[in-house]
Each structure stands twice: as structure tokens, then as C-alpha cells.
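Colleague: Could you take me closely through one part of this model, the interface between the two chains? I should like the criteria stated alongside the values.

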2 protein chains.
Amino acid sequence: MQKIVEEKIPIERLELPAEQAKEKFTRLGQKYKVEMIDDLVKNEGVSSVSLYKQGDFIDLCRGPHLPDTGKVRAFRLLTTAGAYWRGDENNPMLTRIYGTAFFDEKQLTEHIERIEEAKKRDHRILGKQLGLFLISNAVGPGLPLWLPKGTIIRIELQNWLQEELFKQGYQFVFTPHIGKVDLYRTSGHYPYYEHGLFPAMEVEQGQAYLLKPMNCPHHIQIYLSAPRTYRNLPLRLAEFGTVYRLEQSGELSGLIRVRGFTQDDAHIFCTPEQLLEEVESCANLAKMVLETVGLNDYRVRIGLRDPDSSKYTGSTENWDLAEDNIRQVVRKLQLDYTEEPGEAAFYGPKIDFITKDCIGREWQLGTIQVDYNLPERFNLEYIGPDNAPHRPIMIHRAPLGSLDRFIGILIEHYAGAFPLWLAPVQVAVLPVSEKSAEYAQKVLKHLRDAKLRAEVDTSPDKIGAKIRRWTMEKVPYMFIIGRREVVNETVSVRKRKIGQVGTFQLTEVIELLKIERDSRGSKEAFADAAGG
Amino acid sequence: MQKIVEEKIPIERLELPAEQAKEKFTRLGQKYKVEMIDDLVKNEGVSSVSLYKQGDFIDLCRGPHLPDTGKVRAFRLLTTAGAYWRGDENNPMLTRIYGTAFFDEKQLTEHIERIEEAKKRDHRILGKQLGLFLISNAVGPGLPLWLPKGTIIRIELQNWLQEELFKQGYQFVFTPHIGKVDLYRTSGHYPYYEHGLFPAMEVEQGQAYLLKPMNCPHHIQIYLSAPRTYRNLPLRLAEFGTVYRLEQSGELSGLIRVRGFTQDDAHIFCTPEQLLEEVESCANLAKMVLETVGLNDYRVRIGLRDPDSSKYTGSTENWDLAEDNIRQVVRKLQLDYTEEPGEAAFYGPKIDFITKDCIGREWQLGTIQVDYNLPERFNLEYIGPDNAPHRPIMIHRAPLGSLDRFIGILIEHYAGAFPLWLAPVQVAVLPVSEKSAEYAQKVLKHLRDAKLRAEVDTSPDKIGAKIRRWTMEKVPYMFIIGRREVVNETVSVRKRKIGQVGTFQLTEVIELLKIERDSRGSKEAFADAAGG
């Protein structure tokens, strides 16, 4: 490659009628190119094709190419792989060479480092290494089983959100994972969205059930189960609802693209007068969630109507109200936002939160969607102050989106090193020798009494090996227990990424850790001690 | 009826050949009896039938009857109902008269009272009245939707058990609600148990999924996901797992017989040496659960092998060990138990907890089952101290059984009047007039800061009406706020079933309620004050 670059070979574009190009490649023994030209003629109806010539080498290519090979600056050959022609194992195998190039060495290095960093953070690898989740072929692709350590992260996230939502006047519900097909006919998901659903289960003559792909129709049944007046609204129904969608097996990936996932879902039923305030508190919640987990670099995308389309449901004045409310909210909260006309759902405008993780990749997380369609389809009503029935507005919102995907992103964002409140094991107690084993058990008991998740390393290994093991486990704190600690009833504290932070009275350090845990990391126990 | 009893008419039994009996009833114009005799001959092959004669009245009946009508003591006619002959609406309607009789008036009265009491406690009626759950025809029969107030009870029960289980070294997992059919072929549930399953969903060529009827195969996949040694055991995997079983629609009833329910499930994988201790702690847990919710009147049924059958899986020595361990445990815990040979599952012996509610009805709740079958079918292993592979034993256990059914039973046991820790609304704050509204809001805030679930009654109703409303809601405490309470910053406390218990400083009463709540009712805030 370096030699070719130095030779500055000019690259020349030729355009030939398809028949002539075929003859040329046939002469060169390039039978695959001949096949490709045949396909282009047959499938795309082309009559001529473009070729690029570079010294003796001639290639079939749409282009564009550089004017000469000397223009190649910083490049790196990444890998080679064998690939069957047209992906069919009955065909011969060719060799693919992967490479990348940038304008300068700095950009190239940054790119390579980002790839390396992303590999180290791959949640599929870390998830296995840290024992967080399992995708089992026996259960099925895209159906994660959460292992004990991963389940702790789920429970912590759920408890935290649940407490927040109770404070904000949400009410939790729990609904079945299946429902009659007719329910989804009314909602419009069936048969319209059928390709994304697991097939229906027919249990009685003419009575079939679907695995729920979303929770809204169930929550609507709860709305319908009692008469509603403007005084009962807003009604905010929340559920950690596990839903199932039949993604194509080729598109499944770790926790990011799955077939079963748990939404931190809620549906708000409100009057038009309440819409502004409700959208604002949803946006505030999404903001709070991102900032708590340290995904501070986010922006907001507002999906609006396409002014030239008639595909939208709901009246013009309703849309004006909702779009205006959304704009007011993002401005008031000083969110960095873009407006994207034509990106609204057909049933109402929406806000999406897009966040950058610490290596610069963008992820779409929380969403807030205004819905004029389902209240109409299910004929929802409330009695207004005028004693007449009115149609409520529905808001669908999920600040995490999917609990599974969110944790997948967090694994990558934290590179598996979860903050104290989320860490599956919060403290590892490491006795230096058998002599400190008894005191280590006492320390363990104190930690567990303070509801800190702690483990004692009772292995016969040397302390260096123990520290290495728990470093691999990415545990936030290690307490090293030697002879001096036993005598003084202290612990020597080692903090992840920082190292030794000093020796403390056990009760004192437990209090500090409780503060760090309960503040979800906003107050770090040893930030000062470590100069951080 | 009274007249017939006083007449002491003798009742005489006749046995006639079927043909003669038919002639007799034909003469009497009793065409239904003729039809019934025809059926008896055809379906049961009888050649003669028994008749009972009492004065002029003659009846077809298997018997037995009293010798004469004077023997009838305490009776009550309960109700009448129209019923189509053979339940077919195309047939004529007959009238059914329901009655009951006892040996004396006291037994009769007790029975009638028990029926009345059971009606008042019907969880289907109370569940609707108190807004706990909903069975929606649109979603499907047997698929309860938990409303906000019922969901609070679920959350409280789950949080309590989860905390207990974490203390006892259980690890929580979360697994999908579906799995490949092959998983259930390996477990033996399919096709053997197919009639109890929702039909399979075929998603890809030859790849079908089932809604899970139990969590064990998923937990087994987790066991299999890592190498296990005797040092890792016992492994205790817990999950509040929602499972689906296709009960016949005619057998569905409220929360007691459903098609979807959440088990407080766990599977313990242990060595034979650990079995005794594990069974003991499972039994202790089931006992603790029942005693906490006040179902103190329980007994235990041990299901053992039928010594004459060969249907059982696992070796004789394994069975001896498990049966012996179970007996040791129930004796040690001094449980009231019966042994029932032949009542074991084919895969191992079991313990069932059977409890009486406060009106004397028996319910089967917690269960502990030893299983030698699934470890065999899934080829589970652990490395023993001898460095050789061994087969672990599995224990299935669920102290509540089903969360849904358990709450159904609790609703009936408590007649909807849940103890403080479970009550959906714990305190109702009732301002006497508009003048105390502001202070009522302050009281509400203090209660909510103490994480007590409280509501203010802001209606314009008189205080008597407010008290009646919240009595109907069965709220454990009401705080009445009048002029005096506003001035003194106190609250006048009214306790459910007891009435006024006195006037207290707000902070003082909140502390008392927190103690009652956190002790799950074992320390009642106003037991003394009310002389209880």
C-alpha cells in the first residue's frame, strides 16, 4: 500500500457499454465482474457501466475515486476475512480486505482508538464477563435472561424510578402480557403492525390472543373501567411492562435489538388545558434520568407534522396546541433542540432524547409522544366542567425507553464500572491472611446491615491476586483487612480507578458509602481524599 | 315445609325394574323422570331403579332418605332459580328450590352466617368495590389487570419477600415470558402437559415458542450458564415470574383460578448433604409468611411415594433421603402435619401448607417440592469435593404460591380491611370544614414525607359523610382536622373498627404509624389506647 501511494499512480475513469465491459472482464478472467454486469443490466436496466483504471489494474466501480493514489494520506489495513461469493457456501471463497483512511494521522488514530475503546466496552462481552445477562439458544435469540448481578441493576433502576414516579403522582398498574387479538384490532396495531408481532394463539373457537407489543391498550382498559371527570385527570398510569416484538433474527444484537424487553412505560390521560404541564414534567423526568446516570451530553429532536401531508389524525387545532406546548417546554427547559417537520407519528408530535455516551456515540433514549388517535379509537371520554363529555389526550412516555437497552448502553457508557448505587457488588472485603478472616466476616455483617452489597474473598490467594480479581470485577470499593486493621477495628479503603484512599473507622466509612449510594453518586465518598 | 315435618310422613324405598318405573312415571305425567331412566339404562346399564314414596308423592332417587319427614330438624329454604331442562335454552324452564338442613338450629345459624360472611368477603365484589383489580372482557377471561390500589398490595408483598430472600442468600433473576418449544420438550412439559398450555407460536421455519407455564426451565438455563462446584451451592434463584396456563374458561374464578399469574418462585440447586437445611429454611419461610399476614391456623400435608407404584423417577435412596429430611423438618418446626402416601409428585416428595382463613375455609398456599427429575432431564452437574461430577437436587418452592391468588385470599381473609402496611390508602385526612383545609394539606405533606400513603378528602361534604366514605374504603386511619386541631397543630385519630382513639401531636402519631407499618402490624400503634 505504501509503495502504491508513493508511486502516485493516476486513476482514470472509463465508461463502456455493458457488452464491451463484459468482453473486457472476460478476457481478464474476472468472471465475478461479468456476473455483476449481467445483474446490473437485468435488475437496474443499465446500458453502460463505469470502470476505473490504475496502472495495470482495472476495476468495475460506480466511484468516485481519488485522482491519483498519492492523495491517500493516513490509512490502516484493519483485517481480512474469507467470504463466499454472494454469501452462498456452495460458491468459491474470496478474500475481503478491510481498511480505513483519513485526511491525517491524528484523525486516524482517534478513530482506531474509538474502535478499540468500543470493543472494550462491548456490552455483549462485558455482560458475559461480569455475569450480567445471558442470551441462551435454548430459550431463544433476542430474549435476554437477566442473571443475578444484572437483575440487581434492573431492580435498582426500577426502585429509583418507581419512587420518583410515586412522588410525581403516578399510579402503578400491572397488566397481563397477552390480550385478545380484537383489542389490537381496535388499537390499529393488528393487522397493520402484524409483521412485528409474534403470531396469534387461538385458544377457543374464534378467540385468539397476542403477546402484547405495547402496554397502551391494557392501560386504556383501566381508563375505561371507571367513569372519569376532569377532576380525576390527569390520570398517570405507569408500568414496567415487558413487551414482545418479532424483530428479524438477523437484526438482533445483545440488549440493543431484542425480541422481549421491559419498557419503563406510562400513559398520561389529560385535558387539553393540562397538556403543557404534563409534557413539561415528562421532559423534566427524562432530563433528570439522563443527568443522574451521567449521560449529560444530550439533545432533543422534536418530530412535527409534515405541513404538506394529510396522513395525520386529529384536528389542526389539536396539533397546533401540542406542537406549541412542546416548543414552549423545550425552550423553558433550555434544551438543545432541533425541529424535524414530517418526523411526527401520524397520531401526534413527539420529543426524542438523543444522548452521546462517553466515547461520542449517539443513542436515542427517552421519548414523549402526544397521541390523539387511541383516545378516538377507544372512544375515551371524561366529563368536563360543562357537564358534557370530552375526549382526553394521551401521552406515551418512557424516560429510559427499554430497561434492557438502557442497561446495555449503560454497560458501554460505564465500561462495566457501575457507580456505587448500581454496582452488583458494592464492596469486596479482602482479608490479607487467614488471621484477619474472622474480622473480615464482622466487617461483612456491618456492611450488609447497612444494606450494602458486600462479599468477602475467602480464597487462599495472596492479597495482590485478590485485588486483581476484584479489579476485573470492577467493584467500586475494596476493604483490605490486615493485622493493623484487625487491631484497630479499621479498614483500609481502595477505590476503583483511584487506588488507596486511606484507613478509616468502619462505622465512619460505612456512613460515607451510604451517602454516596443514596445520592446516586452526586456526593462521592472519597472525591476529596483522592483529589478528584 | 313446617307442616310436612309435623305430619311425620313415613318415607318408603321401592326398587322397580326400569321398564315398570318408566310406566309408573309416564302415568304420573313425569316425562323428565322417564328421560332420566332411559339415560340410566343407556349410559350406566342399570336394569332397576330406586324410588322414594312419601304420602302421594313418588320420586326417582338414589337415596338415602330419612325414615320419615319428622326427622327434619333445623332447615332453611335459601333461594329459587329458573333452570332450563338439561341446561339447554331450547328446553322448557323448571324451577329449582335450594335449601339446607342441620341437626340443630345453632349449626344452621352458624352455617347461614358463614355463607353471609363469605358473600360479604367475596374478593370479586370487594376487588371491584375497592378498585383493586379488573377482569376485562376486552383483554380476556382469567387475565386480571391490577389497578393502582391492588398494585400497591402487590408491590408491598414483593418488596417484603424480596428483602427477606436477599437476607437469606437468594439471588434474583428475570427471565422472558416465552421460550422455545424444545425447552419444554426437554423438561417434559410438552407435549405431556400441552392441554394446559397456550398454543405454540411458530415464528421461523420449525422454530416455535411457548408462553411459559413455569419458570424452572429458564432458571435451569441460568444454572447451566456457568460451571458449578459444590462450593457454589446451594444456588438459590428467585423470580416473581408471571406464567400462563390455559385453564378451561368455565373454571375461571376471580383471582383464585386464572390463566395468568405471578409466582413468588424460586429454585434451589443443592447437594444431597444440603437438602435438609434447605428444606428447613423453605418451611420456615412459608411459616413466617403465613404468620405475618395473620393466617395462623395452618397445617402441613406431606406427599410421599406410593410404596406399591413404580411411576417415580429417582433412586430409592434419594427418595428415602428426601422423605426423611422432610419428616425431620416438620417435626423440628413442630408443624401440625399429615403424611399422605401416594400424594408425591412423580419427581419427588413435597410439603403443602394448608391454611384456614378467619371464617374457617381451607386454602392451599405455600408449597415445597423436591425434584430429582429435571436435574436428570437437563443433565445438571456440579463438581464435588472428590473432583468428580455429581447430580444436584432441585427444590421448587413458593411460599405464597401465586401472588394473584394469595391476594385474592387475603382480600377475603381481611374482608378488604388490609393491615396498615398493605393498605392502599393508609391515612385519610378529613378536614371538618374549609377553614381547616390548609392545615390538612400540611398534614398530608408530613404523612407523605414519612412515606405514608395518604389522601385528603377535599369534598364539600359534612364530616359525617366523609367518615362514612372512608369507612367504606376500609382505610386503617382517619385524621379528623377541626378548629381545635388547627390551633394546636394536632390530629384527632380515628382507627378502623375501633373509632376515636384520641388527639395527638402530628409528629408523635406519625412515629407510631411508622412503627406499626414497619413491624407489619406486630406492633399496633393504638392497641392500648383502644384497650385492644
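Modeller: The following account concerns the interface and then one residue beside it. This is a predicted model, in which local features need pLDDT of at least 70 and side-chain atom pairs count only at pLDDT 80 or more, while totals for chains, interfaces and linings use all residues. Residues are numbered from 1 along each chain as its sequence is written, chains are lettered from A in the order in which they are written, and side-chain values use heavy atoms, without hydrogens and water.

Chain B and chain A each bring 51 residues to the contact (heavy atoms within 4.5 Å). About 4200 Å² is buried between the chains, 68% of it on carbon and sulfur atoms; buried area is the accessible area (1.4 Å probe) lost on putting two parts together, summed over both. On the side of chain B, the most area is lost by Val139(B), Phe174(B) and Met201(B), together 14% of what that side buries.

Four salt bridges are counted between the chains (a side-chain nitrogen of Lys or Arg within 4 Å of a carboxyl oxygen of Asp or Glu). Lys451(B) and Glu163(A) form a salt bridge through their side chains, at 3.4 Å from N to O.

Thr175(A) counts as buried because its relative accessibility is 0%, buried meaning under 20% relative accessible area with a 1.4 Å probe, protein chains only. Beyond its neighbours within four places in sequence, Thr175(A) contacts residues including His218(A), Glu239(A) and, from chain B, Leu145(B).

Notes
Buried < 20%, exposed > 50% of the residue type's maximum accessible area, 1.4 Å probe, protein only.
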